[in-house]
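Here are some short exercises to work through with the model open in your viewer. Try each task before you read its solution.

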Amino acid sequence: MTELDRVIHEPARLLIVTILATVIEADFLFLLQATELTKGNLSTHLAKLEETGYVEIQKAFRGKIPLTLARLTRAGRGALQSYRKDMTALLKVRKRSASAVSHSA
């Protein structure tokens with residue numbers, strides 16, 4: 001059986017990585033609205049994704065307003081692609097197992 005990437009498998013982080021896979025970069029407020037997480041939860045999950053090298057965080061200012069930008073790294077894109085393959089394989093195994101059980105009953 002394939003071992004799932006536990007960093008990405010967590011639902012909030014999977015959502016963040018999936019969103020970031022569709023854009024070049026996203027600011028914190030966009031991610032906050034898109035994920036509907038609290039500021040603290042989003043910050044914690046982004047920190048974990050940054051720690052693993054899946055997301056790059058850039059802090060800057062737009063005028064005097066702080067701006068936090070997040071972008072998926074090459075490693076993050078690879079991890080998401082691997083996760084999708086692993087989940088697809090796992091679901092196929094489960095589907096075959098369920099089909100075998102129903103035929104033997």
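The exercises below cover a hairpin, a pocket and a loop residue.

This is a predicted model, in which local features need pLDDT of at least 70, side-chain atom pairs count only at pLDDT 80 or more, and totals for chains, interfaces and linings use all residues. Residues are numbered from 1 along each chain as its sequence is written, and side-chain values use heavy atoms, with hydrogens and water left out.

**Exercise 1.** Find how strand 2 and strand 3 are joined.

Step 1: Strands are DSSP runs (E, at least two residues), and helices likewise (H or I, at least four), numbered from the N terminus. Step 2: Strand 2 (residues 55-62) runs antiparallel to strand 3, with eight bridges between them; pairing takes at least two DSSP bridges. Step 3: Across from Lys59 you will find Thr68 in strand 3. Step 4: Two residues separate the strands of this hairpin, and Gly63 in the turn has a positive phi of about 70°.

**Exercise 2.** Which elements each supply at least two residues of the lining of the largest pocket?

Step 1: The lining includes Phe28, Arg62 and Thr68. Step 2: Helix 3 (28-35) and strand 3 (65-72) are the elements sought. Step 3: Strand 3 gives the largest share, four residues.

**Exercise 3.** Is Thr22 buried or exposed?

Step 1: Locate Thr22 in the loop between helix 2 (11-20) and strand 1 (26-27). Step 2: Its relative accessible area is 63%, so Thr22 is exposed; the cut-offs are buried under 20%, exposed over 50% and partly exposed in between (1.4 Å probe, protein chains only). Step 3: The Thr22 side chain also reaches the backbone oxygen of Ile19 at 2.6 Å.

Note on methods. On a 1 Å grid over the protein atoms alone, a cavity is a set of points where a 1.4 Å probe fits but cannot get out, and a pocket is an open set with protein on both sides within 12 Å along at least five of seven lines; lining residues have an atom within 4 Å of a point. A polar contact is a pair of N or O atoms within 3.5 Å; within protein, one must be able to donate a hydrogen and the other to accept it, and residues adjacent in sequence count only if both atoms are side-chain atoms.
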